Amino acid sequence: MADAPAPVLMMDIKRHVYNARGGAPPHRGSYHTASDTATVDPTVSLRDQMEKLGQSQPGSMSDPKFARIPKGKEPPNKWEEREDGCGEEIDLDSKPDEVFGKNGEYELVALLPMRGMD
């Protein structure tokens, strides 16, 4: 009798969601709207798990963008006002542990685009 495959242990990643807003400066930009947890499969590329990371809403002008920040770093209210060096863009063709670390050294930032026209 063959051994059953070992179950895949899922990986929890803290996610900070930003939504783009239009308007006149200084109000235009991406604002922190929520923080939660995304559960991903560590054996599958992030690109193949986009529905777990954050998706565009109907009417969005572009695709979402993704970055990472160090674990425990307070996310800025406005993404454009983050500290230098904070918010490295991630490679979606990589696996979660390659991007966020095997021990979760980084957290996910989902930058969702604005819907409709400005």
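# Exercises around arginine 68

In this predicted model, the side chain of arginine 68 comes to 2.3 Å from the backbone oxygen of valine 99.

**Exercise 1.** Place arginine 68 in the secondary structure and decide whether arginine 68 is buried or exposed.

*Solution.*
- Start with the element: arginine 68 sits in strand β3, which covers residues 65–70.
- Next, take the relative accessible area, which is 14% for arginine 68.
- Buried means under 20%.
- Arginine 68 is therefore buried.
- Now look at contacts beyond four places in sequence: they include Gly87, Glu88, Ile90, Val99 and Tyr106.

**Exercise 2.** Work out which strands stand at the edges of the sheet.

*Solution.*
- List the strand order: β2-β1-β5-β3-β4, in an open sheet with mixed pairing.
- The edge strands are β2 (29–40) and β4 (88–89).
- Each has a single partner strand, so one side of each lacks a neighbour in the sheet.

**Exercise 3.** Describe how β1 and β5 pair, and find the bridge partner of arginine 15 in β5.

*Solution.*
- Strand β1 spans residues 11–21, and strand β5 spans residues 106–112.
- Their pairing is parallel, over 5 bridges.
- The bridge partner of arginine 15 is leucine 108.

**Exercise 4.** Summarise the whole protein chain.

*Solution.*
- Count the elements: 2 helices and 5 strands.
- Read them along the sequence: β-β-α-β-β-α-β.
- Check burial: 37% of the 118 residues are buried.
- Check contact range: of contacts between residues at least 6 apart in sequence, 67% link residues at least 24 apart.
- Finish with the surface: about 7500 Å² is accessible, and 50% of that belongs to carbon and sulfur atoms.

Technical notes
Residues are numbered from 1 along each chain as its sequence is written. This is a predicted model: local features need pLDDT of at least 70, side-chain atom pairs count only at pLDDT 80 or more; totals for chains, interfaces and linings use all residues. Side-chain values use heavy atoms; hydrogens and water are left out. Helices (H or I, at least four residues) and strands (E, at least two) are DSSP runs, numbered from the N terminus. Buried means under 20% relative accessible area, exposed over 50%, partly exposed in between (1.4 Å probe, protein chains only). Contact means heavy atoms within 4.5 Å. Accessible areas come from the Shrake-Rupley method with a 1.4 Å probe; for residues, only the protein chains shown count as cover. A polar contact is a pair of N or O atoms within 3.5 Å; within protein, one must be able to donate a hydrogen and the other to accept it, and residues adjacent in sequence count only if both atoms are side-chain atoms. Two strands pair if DSSP finds at least two bridges between them.
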